[in-house]
Amino acid sequence: MRDASRGTSRSRRVPRLRPCGVALAALFSWAGRARAQEAGVVLDRARVVQLAGRGAPAVQVAEARVGEARALRVGADVRSPTNPELSVLAGARFIPNFGPVPDVSVSLVWPFDFSGARAQRGAVANARTVVAEAEADDVRRRAVGEALDLWVRALAAEERSRVEEERVRLDEALVTIARARRAAGASGDGDLALATAVQAQGVARLIAARAEHDALLASLRGRLGLVAESPVRVAADDREDEPPPLDALLAGLGRRSDLVRSRAAMQAARADVRLQTRLGVPLPRFTINGAHDPEYAAHLGLDLPLPFYQHNQTATAVARAQVETATAEGRATLALAQADLRAAYATWRGALDAARALDAAAAATDDAERLATRGYELGETPLSVQVGVRRETAAARSARVEAHAALARARVALELTAGRFP
């Protein structure tokens, strides 16, 4: 009976899969798209920050809301919220023995605002404009952070594709070696089938990495306000500078846009309290009346509402409560910002140490794979050992790519939490 490793009638029926053709077709297709993208927009870090801060859909909506807040200034300086009223009455007066006599009365009622609310209306409008501008800055900060995170992930997917391409190339070489050893009688169909299965797995990973890259670019275009079909490619940032120490980041945290917005909201709430207090002052109305009935007559009058029941107490109380709410929100925002910054800094520090540890083993990973491949080629080790070594070295390379991606994303998250984006 023949050894199964040398090939039996059953083993001859094992289909000889050739995923290398699929891999090459996928490679050429994706490489063609990559060449087309090179003529488009190059998205480095500075370009992403610029486009996201200006063209992100959320930023454009926030800017429109700033326009709404600025519209509050229109008419805020008018002398009175109520217009003068002109009343004209005309008719006839019937007097016995004299017949109808023309009767005309003209009255002008003019309210005057002596409460000082005019200046406070302008102050409230200005304060709410500051709040809207701070909210737009915070939306911009978050939009830039989200776009940079997608940019980092796209770079990582591109690097992951490069690693998988190299693995596919090595798997092609492994299949070639297995085929040569089988032809020489040093191994059977089992080794070739195993090498082919390993190659197919590599092709699948390569296709998935490229699909992830394309999907991330599609999301990035949307976050940057670019046309969906516009060709873009991501470019890495070579800067090696470390962020400032944690104490320096905490000291500058007060400039973060949401904390600026919280302080502006407190100022706007206090301005609204002053306005509502002023609006509780009754507005006098001066009246001028002229009449002919049939004698001519003229009158001057003054109407002054007495604030016995209504002196705007409800709106004033609500405004004071809003001051307390804004103050509580400001304290809570600051406390959470400090906690988030400490957490982001710890995450970044851990990611940095992890990336450095894997970088230190990069040369050993290459040596292990090279020696294992050479050992199998010379017949010193079986294919199962080669596959095991290949699996571990591939995992080490993938872990290194993921570690650097995690480090870059942790850096973006740290800068976002510290409020260091423009």
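By class, the lining of the largest pocket comprises 21 nonpolar, two polar and 20 charged residues. Here Ala, Val, Leu, Ile, Met, Phe, Trp, Tyr, Cys and Pro count as nonpolar, Asp, Glu, Lys and Arg as charged, and the others, Gly among them, as polar. A pocket is an open set of points on a 1 Å grid over the protein atoms alone, where a 1.4 Å probe fits, with protein on both sides within 12 Å along at least five of seven lines; lining residues have an atom within 4 Å of a point.

This is a predicted model, in which local features need pLDDT of at least 70 and side-chain atom pairs count only at pLDDT 80 or more, while totals for chains, interfaces and linings use all residues. Residues are numbered from 1 along each chain as its sequence is written, and side-chain values use heavy atoms, without hydrogens and water.

Of the 43 lining residues, Asp237, His404, Ala405, Leu407 and Ala408 are the closest to the pocket's centre. H4 supplies the largest share, twelve residues; helices are DSSP runs of H or I, at least four residues, numbered from the N terminus.

I turn now to the interior. The largest nonpolar core has 21 residues, and H4 gives the most to this core, with nine. Such a core is a set of buried (under 20% relative accessible area, 1.4 Å probe, protein chains only) Ala, Val, Leu, Ile, Met, Phe, Trp, Tyr and Cys residues joined through side-chain atoms within 4.5 Å. A second, separate core of 18 residues includes Ala337, Tyr345, Leu407 and Ala410.

Finally, the C-alpha atoms of Tyr345 and Pro245 are separated by 9.0 Å, although these residues lie 100 residues apart along the chain.

Technical notes
Buried means under 20% relative accessible area, exposed over 50%, partly exposed in between (1.4 Å probe, protein chains only). Helices (H or I, at least four residues) and strands (E, at least two) are DSSP runs, numbered from the N terminus.
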